[in-house]
Amino acid sequence: MPKRRLTRTYEPNPALQAVYDRFFDEIQVDESWAGQVRELAGQGTVVYVLRNLNFIDFFALDHLTKRYGLPRVQFVNDLGLWVLNPMGKGWLNAVFPRRGVTPADELRDALSSGGSAALFLKRPPGVVDIATGASGGRGLREGDELMRTLFDLQHEHDRPILLLPQVFVWSKRPDTLGTRPLDWVLGPREWPSPVRTVGQFLHNHRHVALRAGEPLNLKQFIDETPSLSDAVRVRRVTYAVLRRVERERRAIVGPAEKPPDRVRHEIVRGPKLRATIDELAGEHPADRAILTGRALRILRKLQATPETATLKGLEVLLDRVFHKIYAGIDFANQDIERLRAASRDGSVVLLPSHKSHVDYLILSYVCNESNLQLPLIAAGENLSFFPLGPILRRGGAFFIRRSFKGDRLYAAVVDAYVRRLIRDGFPIELFLEGGRSRNGKLLPPKYGLLNMVVDAAAATPRPVYFAPVSIGYERLVEAESYQRELAGGEKSQEDATGLLKSTQLLRHRYGRINVQFGRLLTLEDIQHELGIDDEAETDEPTRRALSVRLANRVMDEINSVTAVTPGALTATALLSDAKLLLSDEQLLLRCERFFYVLKTEGARITETLQTRNGTLRHDAIHEALQMFRDARLVETSTQPAKRRDAAVRYSVPDKQRITLDATKNMIVHFFVERGLVATAMVMDRDIGVLRATLIDRVLKLSRLFKFEFRFHADKSFQDIFDETLDTMIASGVLKADGDSIVPGAGRQGWDGLTWTLTYASLLQNFVEGYRVAARGLAALVKGPLSEKDLAKKSLAAGNRMHLAGDIERREAVSKPIVVNAFKALADQGYVSILDDGRYELAPSFRSVGAVKAIESRIAGYLRANARRGEAS
């Protein structure tokens with residue numbers, strides 16, 4: 001009988017191969033995995049190391065290594081299949097056993113012949129192991145002897161042996177503490193039997209993932225530990241590899257879950273919350289029990305209780321709904337990998353922009369699709385109504401009040417809950433803006449919940465990463481309700497009736513959603529920016545300074561990574577011209593000009609907006625126009641074609657401009673600095689101004705709009721002005737003429753004057769909105785008014801101003817603009833804010849004439865031909 005080879009690759013029969021192709025090809029493989037294995041194979045001998053002995057894992061790994069043309073597996077531990085064992089160790093070995101051949105001999109043969117090996121380090125506990133407690137809730141030793149063989153081989157050869165940790169995540173359900181009845185038969189969730197693995201795969205086949213941990217070089221490890229014996233090295237290497245595997249797995253499934261009532265009682269027993277309860281109770285033990293009971297009730301009301309069945313249902317529902325109403329959801333894989341790396345290393349706090357209720361769902365959807373652990377989401381208590389509240393709670397939402405003022409116990413409970421989430425390693429999602437932005441721009445950050453997160457992060461030994469996230473929409477599902485609110489209408493209360501009405505959105509299309517992640521920030525980063533020593537104890541004022549700087553850095557990051565979508569670019573072009581009608585050629589020309597500016601400034605551009613060559617994709621603009629036409633935001637008219645550009649013209653209905661303005665505002669921040677300089681330039685009929693005068697005007701404008709636009713917190717006004725002016729001069733928009741600044745030669749087919757007027761037009765509605773607010777101050781001549789009443793009167797005045805032609809832009813009559821203007825006017829001393837929140841005129845401005853003078857000062861920032869109706 002010819003001599004049999006000790007090892008061989010596994011070659012499944014055609015029927016099994018078809019099954020493997022059908023199921024294993026769906027496994028999500030890390031994009032860099034195949035490249036990493038090939039690179040390692042060029043450096044040494046690759047050994048795939050897996051945690052839990054499972055023949056399903058082996059068949060999947062073997063299939064994927066063949067699919068990607070990677071080193072073939074020629075050895076694997078005994079899989080426990082007896083006559084069905086693969087690779088020549090099944091029925092053939094049972095009939096003709098090889099005497100004197102050990103698994104160590106087979107491993108040597110496989111690696112010496114240039115092959116690879118799959119090494120399982122642990123064996124899942126059986127029923128007896130679980131019943132006797134022999135496993136201690138963990139797997140049993142399996143690969144120690146084979147690991148010693150690897151060390152022997154490494155001593156004998158110079159070529160390094162590279163251990164590459166691998167983990168298949170068959171289920172995204174988190175581990176559970178303790179043993180459940182089903183675990184006796186199928187094995188624990190974290191140490192599943194093959195039967196349980198098959199069940200997990202069939203239930204979760206869309207999201208099964210193969211993840212690779214950081215490789216370990218045995219030769220390097222031996223060189224770095226000369227004083228250790230191989231027995232100690234085996235234990236250390238085994239522990240190191242298992243830890244790397246577990247980090248990859250936990251990045252997907254998250255921390256082990258506990259019963260909600262157990263979590264609540266553990267939180268209430270925490271020392272910080274206990275101290276608050278004791279302080280509030282004083283010397284009355286009965287009050288202590290009452291306060292403890294109230295703390296438990298608060299926790300029950302706010303606590304998230306993720307449930308697998310609900311999450312699976314939401315996955316199916318959202319997948320169908322999102323694909324029905326949106327053309328797609330765009331995000332970059334490299335952003336996801338950065339998040340994954342952070343999740344392996346510590347805890348992640350997601351800080352997205354907030355423009356829609358869809359925000360609550362979209363990041364969870366992206367994380368689910370990318371096999372990242374789903375975040376627990378801080379939601380307003382207004383969303384806890386039935387039936388939505390229970391669904392969101394089981395989907396990972398926890399509900400908190402908008403304000404904690406006057407309730408120390410509530411604040412202490414929320415603080416304790418947040419600390420617990422951070423300590424246990426749960427990813428958290430919270431919205432720094434507090435409420436949804438109705439006009440497309442970022443709102444000022446709120447610090448209440450962030451202060452608690454910062455305190456918890458400072459007290460946690462694991463790193464905490466803060467991830468700024470920009471969520472961009474081409475059209476908002478709440479557009480109609482926002483239009484009513486922007487015009488001064490009351491906000492609708494969320495309830496079941498509104499939920500039923502929202503089903504109408506399924507009849508419409510809303511373009512694409514774009515999700516962009518900014519640079520991940522840590523408290524250490526912010527401490528360095530503020531010059532705070534890492535080792536120094538941080539007191540309360542220092543921690544609050546950290547929160548403020550962190551919040552502003554996050555908001556700046558969100559603005560900088562916001563992607564330019566076809567809808568936002570089209571809306572910007574449509575609203576940047578005061579003409580009632582724009583031809584297709586004129587509109588595309590404006591889009592091309594703005595596209596060029598945005599690209600040169602390094603703004604992120606969505607793939608659908610540009611061609612492979614990086615030029616503007618005209619079809620994307622036409623698709624956005626069609627979306628706006630379907631929503632009746634844009635109208636078209638056809639005229640006799642005397643010229644080629646006269647056939648089709650676009651216009652925005654007057655009442656719809658405020659809705660389209662919200663889409664424009666998603667990218668208006670890219671133009672603010674240029675817009676302020678341009679606005680200061682066009683104040684005179686003869687456009688040209690001394691540099692010193694220009695600086696003074698822009699400084700006053702930036703102070704006026706301090707509550708409207710975000711300016712970089714880490715730059716001075718002079719630095720921002722100089723950079724902006726230099727850029728505008730370098731691009732030909734402006735030029736220096738002695739001590740004066742005048743329009744330049746231009747670029748891209750427009751002269752400098754056209755560019756200057758266009759930049760100014762992008763901010764014209766804001767200047768006009770502040771003028772509306774100034775005229776509204778006349779209502780204060782009779783006495784103080786609340787912000788709500790003053791806004792109503794100002795908006796009514798603004799509507800009259802627009803009808804009279806005093807202002808051009810209908811979108812200037814906007815409640816958020818007017819309210820921000822009140823804050824600015826108070827900051828500049830024209831009005832005062834009383835203790836009860838009402839506004840009153842400052843003593844020197846309590847006359848109609850004085851109020852007219854305030855309006856005239858603001859109207860002075862409008863270009864000469866846009867100052868009609870200026871108060872005299």
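## Accessibility in this model

Buried means under 20% relative accessible area, exposed means over 50%, and partly exposed covers what falls in between. That scale is handy for reading this structure, which is a predicted model. Take Arg 338: its relative accessibility is 30%, so this residue counts as partly exposed.

## A pair within one helix

Arg 338 has a salt-bridge partner in Asp 335, and their closest N and O atoms are 2.9 Å apart. Both residues belong to helix α16 (residues 333-345), where they sit 3 residues apart, about one turn of the helix. How buried or exposed is Asp 335? With a relative accessible area of 5%, Asp 335 is buried, while Arg 338 is partly exposed.

## Salt bridges between helices and strands

The count of salt bridges comes to 57. One of them pairs Arg 51 with Glu 246, with 3.2 Å between the closest N and O atoms. Arg 51 is found in strand β2 (residues 45-52) and Glu 246 in helix α11 (residues 230-253), so this pair ties together parts that are 195 residues apart in sequence. Both Arg 51 and Glu 246 are buried.

Two helices are linked in a similar spirit: the side chains of Arg 544 and Asp 455 meet in a salt bridge, at 3.0 Å from N to O. Since Arg 544 lies in helix α24 (residues 540-561) and Asp 455 in helix α20 (residues 448-458), the pair ties together parts that are 89 residues apart in sequence. Asp 455 has 13% relative accessibility and therefore counts as buried. Elsewhere, Lys 258, Arg 262, Glu 266, Arg 420, Arg 423 and Asp 424 are joined into one network by salt bridges that share partners.

## The nonpolar cores

Now for the nonpolar side of the picture. In soluble globular proteins, nonpolar side chains tend to be buried together. The largest nonpolar core here has 99 residues, and Leu 569 and Leu 694 are those with the most contacts inside it. Helix α32 (residues 752-776) gives the most to this core, contributing 11 residues. Apart from this core lies another, of 53 residues, with Val 453, Val 454, Leu 550 and Ala 551 among them.

Which residues does Leu 569 contact, leaving aside its neighbours within four places in sequence? Leu 569 is in contact with Val 564, Cys 591, Phe 594, Phe 595, Leu 598, Leu 609, Leu 616, Ile 621 and Ile 667.

Methods:
Residues are numbered from 1 along each chain as its sequence is written. This is a predicted model: local features need pLDDT of at least 70, side-chain atom pairs count only at pLDDT 80 or more; totals for chains, interfaces and linings use all residues. Side-chain values use heavy atoms; hydrogens and water are left out. A nonpolar core is a set of buried Ala, Val, Leu, Ile, Met, Phe, Trp, Tyr and Cys residues joined through side-chain atoms within 4.5 Å. Buried means under 20% relative accessible area, exposed over 50%, partly exposed in between (1.4 Å probe, protein chains only). Helices (H or I, at least four residues) and strands (E, at least two) are DSSP runs, numbered from the N terminus. Contact means heavy atoms within 4.5 Å. A salt bridge is a side-chain nitrogen of Lys or Arg within 4 Å of a carboxyl oxygen of Asp or Glu.
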